[in-house]
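These are my notebook entries on a structure that I am reading for the first time. I record what I looked up, entry by entry.

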Amino acid sequence: MRINNLLTYDELFWEVPLHENVLPVVERVLDRECLLSSFCSLVLGPGQEAQPIHEDTQLIPLPRPHIPITINAIWALSDFRDDNGATRIIPASHKFDSSPEYGGDYDAVTATMPAGSVMLFDSALWHGGGANTSDTRRFAFSCAYCWGWMRQQENLQLGIPRETAARFPRRLQELCGYSVYKGQFGHINNHDPIELLGRERGKRMVWEATDVRKARMAEQG
């Protein structure tokens with residue numbers, strides 16, 4: 001079971017995508033203008049069967065292997081154990097030249113970790129939730145990030161009421177898509193979408209920056 005659009009439920013959830021031990025790593029792998037692609041809860045109840053091994057970018061028509069385009073952060077809210085559905089991974093599979101066959105049987109490693117831990121990985125890594133053979137639920141957050149030029153899994157601009165987004169910290173607003181990638185992608189009539197939330201825009205659009213440079217060169221010439 002999963003619950004999407006967690007940012008709309010409580011201010012406590014706002015801290016997760018911005019975590020100081022996670023976001024800097026994501027920004028280093030992608031860049032500072034990355035986006036939050038999705039943020040949901042993952043609950044595996046007793047008797048839940050193992051999820052087929054998959055990778056999260058296999059529907060995107062890019063030849064493998066490719067640069068990381070999305071990064072997953074799986075937060076363990078309960079202990080991840082062999083018997084309660086800990087995520088299974090195929091080490092180094094993000095470097096494979098193909099995606100896994102759906103329903104295929106693979107020699108996976110179980111990513112056990114104590115509650116409070118977080119596992120980050122290139123979402124091209126082959127992975128899947130394990131079977132829960134215990135008598136308790138396994139709780140987790142899944143927080144995915146993508147490049148600023150990609151479409152997000154969750155349409156956060158439409159899914160989050162604007163009055164709610166207006167209360168977010170600015171960095172979270174930017175991660176949700178109230179931003180313009182490289183001053184070009186995502187603008188609204190040459191304006192930064194963050195202005196819709198009553199914020200000052202972060203920087204000039206690429207066209208404006210070009211005009212400013214031309215004007216300066218003319219003045220100097």
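**Entry: Ser 123**

I looked up Ser 123 and found a relative accessibility of 0%. Ser 123 therefore counts as buried, since the cut-off for that class is under 20%. I note that the model is predicted, and I read each value below with that in mind. Ser 123 sits in the loop that leads from strand 6 to strand 7 (127–128). I then asked which residues Ser 123 touches, not counting residues up to four places away in sequence. They are Glu 55, Asp 56, Thr 57, Thr 70, Ile 71 and Asn 72. Of these, I followed up Thr 70, Ile 71 and Asn 72, which belong to strand 3.

**Entry: strand 3**

Strand 3 spans residues 70–76. How many of its residues are buried? I found 7 of 7, and the strand is described as mostly covered. I next checked which way the residues point. Thr 70, Asn 72, Ile 74 and Ala 76 point one way from the strand, while Ile 71, Ala 73 and Trp 75 point the other way. Both sets are buried.

I then looked up the partners of strand 3. With strand 8 (residues 138–146), strand 3 pairs in the antiparallel sense over 7 bridges. In that pairing, Ile 74 is placed opposite Ser 142. With strand 6, strand 3 also runs antiparallel, and 5 bridges join the two. Here Ala 73 has Leu 120 opposite.

**Entry: the sheet**

I wished to place these pairings in the sheet. The sheet is open, has 5 strands in the order 1-2-8-3-6, and its pairing is antiparallel. Which strands stand at the edges? They are strand 1 (2–3) and strand 6 (118–122). Each has a single partner strand, so one side of each is left without a neighbour in the sheet. As a general point, I recall that strands of a sheet pair through backbone hydrogen bonds, either parallel or antiparallel.

For the edge at strand 1, I counted 2 bridges to strand 2 (residues 35–44), and these two strands run antiparallel. Ile 3 has Ser 41 of strand 2 as its bridge partner.

**Entry: Cys 34**

Cys 34 lies in the loop between helix 1 and strand 2. Is Cys 34 buried or exposed? Its relative accessibility is 1%, so Cys 34 counts as buried. Leaving out residues up to four places away in sequence, I listed what Cys 34 touches: Val 26, Glu 27, Cys 146, Trp 147, Gly 148, Arg 171 and Leu 175. I also compared Cys 34 with Leu 12: they are 22 residues apart in sequence, and their C-alpha atoms are 22 Å apart in space.

**Entry: salt bridges around Glu 27**

Two residues touched by Cys 34, Glu 27 and Arg 171, led me to the salt bridges. The structure holds 11 salt bridges. Glu 27 and Arg 171 form one of them, with the closest N and O atoms 2.9 Å apart. This pair links distant parts of the chain, for Glu 27 is in helix 1 (residues 23–29) and Arg 171 is in helix 4 (residues 170–175), 144 residues apart. Arg 171 is buried, because its relative accessible area is 14%.

Glu 27 also forms a salt bridge with Arg 32, where the closest N and O atoms are 3.8 Å apart. Arg 32 has a relative accessibility of 48% and so counts as partly exposed.

On the helix 4 side, Arg 171 forms a salt bridge with Glu 174, the closest N and O atoms being 3.2 Å apart. Both residues lie in helix 4, 3 residues apart, which is about one turn of the helix. Glu 174 counts as buried because its relative accessibility is 17%. I finally asked which residues are joined into one network by salt bridges that share partners. The members are Glu 27, Arg 32, Arg 170, Arg 171 and Glu 174.

**Entry: Ser 93**

My last entry concerns another serine in a loop. Ser 93 is found between strand 4 (88–89) and strand 5 (109–110). Its relative accessible area is 0%, so Ser 93 is buried. A polar atom of the Ser 93 side chain lies 2.6 Å from the backbone oxygen of Ile 90. Neighbours within four places in sequence aside, Ser 93 is in contact with Arg 64, Ala 124, Leu 125 and Trp 126.

Key:
Residues numbered from 1 in each chain as written. Predicted model: local features only at pLDDT ≥ 70, side-chain atom pairs only at ≥ 80, totals over all residues. Heavy atoms only, no water. Salt bridge = Lys/Arg side-chain N within 4 Å of Asp/Glu carboxyl O. Buried < 20%, exposed > 50% of the residue type's maximum accessible area, 1.4 Å probe, protein only. Helix = DSSP H or I, 4+ residues; strand = E, 2+ residues; numbered from the N terminus. Pairing = 2+ DSSP bridges. Contact = heavy atoms within 4.5 Å. Polar contact = N/O pair within 3.5 Å; in protein donor to acceptor, adjacent residues only side chain to side chain.
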